Amino acid sequence: MPLISRGILASTPFGGSDSNVYQLVTSTEVENASRLKKYREHMRFYQGKHWDHTRDVNEPFVTMNYCRRFVDAQVNFLMKGAFVTTIPDDPATPAKEDDDREFVRLMLERTWDKNRRGLVGFEMAQMGSITGDVFARVSWEDGDPIETPYARVDVLPSQYVFPSFGGPHGVDRKRVNSVLVLFPRFKNGDASSTNSFGDMPSSNVVWFGERWFADRVIEYDPERGERERPNPLGEIPIVHIPNYPVAGEFYGRSDLDDLINLQREYNEKATDISDVINYHGSPVTIVKGAKLTQLERGANRMWGLPENAEVENLSLNGELGASMEYLQTIKKAMHEIGGVPEIALTSNLNNRETGASVSMRYMPMLESRQVKVQTYGTGLRLINRLI
């Protein structure tokens with residue numbers, strides 16, 4: 001059964017069944033289905049669309065989007081100051097290379113300035129924090145009306161990148177043989193029908209593809225067909241950065257992996273509490289021994305009731321204390337499991353608090369940042385090499 005017909009990629013169409021790109025995507029069905037489904041769910045929660053899975057759209061619901069706050073806090077903590085380029089000395093060569101290293105560093109700095117270093121770094125951290133994976137593509141840009149030709153760095157949407165590996169087990173699992181990249185283009189330049197991450201209708205999109213090997217590139221064009229050309233770099237110009245590494249796995253771990261279920265539970269219980277409050281604001285009126293047509297509704301009204309008639313509001317005997325306590329328990333669990341202390345999301349700072357005390361309170365984020373500095377730092381080194 002094709003992958004798209006099962007609904008997993010229903011919101012990410014790849015063209016007709018006779019399209020080369022469609023055939024390439026469906027051929028990776030088993031390997032990429034769960035990954036793409038995770039990407040879409042995580043981006044949906046980041047954007048605040050928490051109620052697509054359940055509940056009537058006509059019912060009131062509460063959405064407290066802590067997923068976005070957690071991601072933004074992690075991204076700012078990692079990439080708020082962008083990054084700097086350093087060129088270490090090569091100990092294998094006895095010659096002094098200070099001038100050469102400084103020249104290379106200045107050229108890299110100039111290239112990153114043209115790429116708007118801070119924005120690229122922010123996009124890397126945000127894409128990695130949400131999806132768990134960053135795919136950065138280095139290409140040659142000679143059509144910029146402002147800048148002279150330079151090496152361009154693009155952060156690709158993770159759901160449009162399909163790596164193939166040396167094998168399913170062992171070391172070969174992390175050795176990339178080729179990378180397929182999809183490029184959606186809008187007919188007549190009309191992108192008005194796009195909605196969100198991976199939600200693009202097939203009626204207005206034409207899909208192009210590139211499969212990169214170390215020695216060649218295969219381009220898939222719906223108009224010109226399949227074309228092959230040599231790869232002048234001799235390596236694949238796409239760098240993968242796992243947001244948080246998982247031993248033995250190629251793909252990284254998202255900062256939202258353990259928060260989605262807690263966020264869903266939090267919103268559902270908050271909505272239940274909201275329903276109770278709404279009920280108490282306009283409770284159901286019970287009338288016994290009288291006809292409703294005899295009773296006039298509204299403020300400053302007086303009712304004359306028969307002798308045995310009764311009127312009362314339906315009340316709940318329970319109280320919200322336990323519900324509010326459970327809600328706070330869920331929120332506390334989100335901070336503990338998500339690794340973002342509550343102090344990171346508030347502005348209530350104590351100016352008298354020592355630096356050591358603040359460091360201890362931020363320890364979960366500091367530990368996570370230390371790991372990410374290694375993964376993102378390695379990825380940036382590979383990007384610098386391609387540049």
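For the classification of residues used below, Ala, Val, Leu, Ile, Met, Phe, Trp, Tyr, Cys and Pro count as nonpolar, Asp, Glu, Lys and Arg as charged, and the others, Gly among them, as polar. The structure is a predicted model, in which local features need pLDDT of at least 70 and side-chain atom pairs count only at pLDDT 80 or more, whereas totals for chains, interfaces and linings use all residues. Residues are numbered from 1 along each chain as its sequence is written, and side-chain values use heavy atoms, with hydrogens and water left out.

The largest pocket (on a 1 Å grid over the protein atoms alone, an open set of points where a 1.4 Å probe fits, with protein on both sides within 12 Å along at least five of seven lines) has a volume of about 460 Å³, the volume being the space filled by probe spheres set on the grid points, which are joined across faces, edges and corners. Its lining, defined by an atom within 4 Å of a point, comprises 20 residues, of which Val-84, Gly-377, Leu-380, Arg-381 and Asn-384 lie nearest the centre. By class, the lining divides into 12 nonpolar, 4 polar and 4 charged residues. Helix H3 (66-79) and helix H9 (363-386) each supply at least two of them, helices being DSSP runs of H or I with at least four residues and strands runs of E with at least two, numbered from the N terminus. The largest share, 10 residues, comes from H9.

Helix H9 also contributes Lys-372 to a salt bridge with Asp-255 (2.7 Å, N to O), a salt bridge being a side-chain nitrogen of Lys or Arg within 4 Å of a carboxyl oxygen of Asp or Glu. This pair links distant parts of the chain, as Asp-255 lies in the loop between E8 and helix H6 (260-281), 117 residues from Lys-372. Lys-372 is buried, with a relative accessible area of 3%, and Asp-255 is likewise buried, at 13%, where buried means under 20% relative accessible area, exposed over 50% and partly exposed in between (1.4 Å probe, protein chains only).

Three strands form an open antiparallel sheet in the order E2-E1-E8, pairing being assigned if DSSP finds at least two bridges between two strands. Strand E1 (residues 133-141) is joined to E2 by 7 bridges, and Ser-139 has Arg-152 as its bridge partner in E2. The side chain of Arg-152 meets that of Glu-141 in a salt bridge (2.9 Å, N to O); Glu-141 counts as buried at 15% relative accessibility, whereas Arg-152 counts as partly exposed at 32%.
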